[in-house]
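Reader: I should like to learn how to read a metal site, a pocket and a core in a model. May we take them in turn?

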Amino acid sequence: MIYVTRKEHFNAAHKVYRPDWTDEKNQAVFGKCANPNWHGHNYDLFVTVKGMPSAETGFVMDIKQLSNLINDEVIKHIDHKNLNLDVPFLKDKIPSTENLAIAIWQRLFDKIAQHNCTLHAIKLYETERNFVEYFGN
Ligand code: NI
């Protein structure tokens with residue numbers, strides 16, 4: 001099995017908070033990410049697919065097609081957007097890096113399966129030092 005990864009980038013604003021909590025509790029749990037007037041992150045997204053190379057092309061998946069798919073299904077919906085307000089597939093979710101990674105997985109899994117390979121992992125960096133990984137369960 002070969003694992004192929006495409007890196008993409010986007011930036012977005014968010015506020016991580018619960019409206020049913022006080023400002024003090026939001027601040028205590030979510031820290032700077034609870035800032036009432038939003039803030040942004042420069043996210044790096046790594047999408048890894050797995051499969052065996054095609055006998056015809058030598059590719060597990062054409063990386064340009066993978067890039068186009070990530071852009072069409074994910075990046076254009078969230079880049080330069082407010083994750084709390086502008087993104088239908090995040091509606092009613094706390095826009096943590098964890099929830100964003102799961103939502104991205106759900107957007108991509110079936111589309112990638114149409115290319116004779118399987119989505120293996122979503123790795124999402126919110127900052128240089130903080131990232132999450134999701135493997136589908
Ligand atoms: Ni934040």
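Reader: Is His14 buried or exposed?

Author: The model is predicted. Burial is judged by relative accessible area, with under 20% counting as buried. His14 has 0% relative accessibility and therefore counts as buried. Cys33 is likewise buried, with a relative accessible area of 17%.

Reader: Which protein atoms are the donors of the nickel ion?

Author: The donors are NE2 of His14, SG of Cys33, NE2 of His39 and NE2 of His41, at 2.0 to 2.1 Å from the ion. Along the sequence, the spacing of these donor residues is H-x18-C-x5-H-x1-H. His14 belongs to strand β1 (residues 2-14), whereas Cys33 sits in the loop between α1 (23-30) and β2 (39-51), so this pair ties together parts 19 residues apart in sequence.

Reader: What arrangement do the 4 donor atoms make around the nickel ion?

Author: Ideal angles for four tetrahedral donors are 109.5 degrees. Here the donor atoms subtend angles of 93 to 125°, and the arrangement is therefore tetrahedral.

Reader: Which residues lie nearest the centre of the largest pocket?

Author: They are Asn84, Leu90, Lys91, Asp92 and Lys93, out of 17 lining residues. The lining comprises 10 nonpolar, 1 polar and 6 charged residues, and the pocket holds about 310 Å³ of space.

Reader: How many residues does the largest nonpolar core have?

Author: In soluble globular proteins, nonpolar side chains tend to be buried together. The largest nonpolar core here has 32 residues, and those with the most contacts inside it include Phe10, Leu45 and Ile112. Among the elements giving two or more residues to this core are β1, β2 and α2 (63-78). Helix α3 gives the most, with 7 residues.

Key
Residues numbered from 1 in each chain as written. Predicted model: local features only at pLDDT ≥ 70, side-chain atom pairs only at ≥ 80, totals over all residues. Heavy atoms only, no water. Donors = N, O, S within 2.8 Å, 3.2 Å for Na, K, Ca; no water. Tetrahedral: all angles 85-135°; square planar, octahedral: opposite > 155°, others 65-115°. Helix = DSSP H or I, 4+ residues; strand = E, 2+ residues; numbered from the N terminus. Buried < 20%, exposed > 50% of the residue type's maximum accessible area, 1.4 Å probe, protein only. 1 Å grid on protein atoms, 1.4 Å probe; cavity = no way out; pocket = protein on both sides within 12 Å on 5 of 7 lines; lining within 4 Å. Points joined across faces, edges and corners; volume = space filled by probe spheres on them. Nonpolar A, V, L, I, M, F, W, Y, C, P; charged D, E, K, R; others polar. Core = buried A, V, L, I, M, F, W, Y, C linked by side-chain atoms within 4.5 Å.
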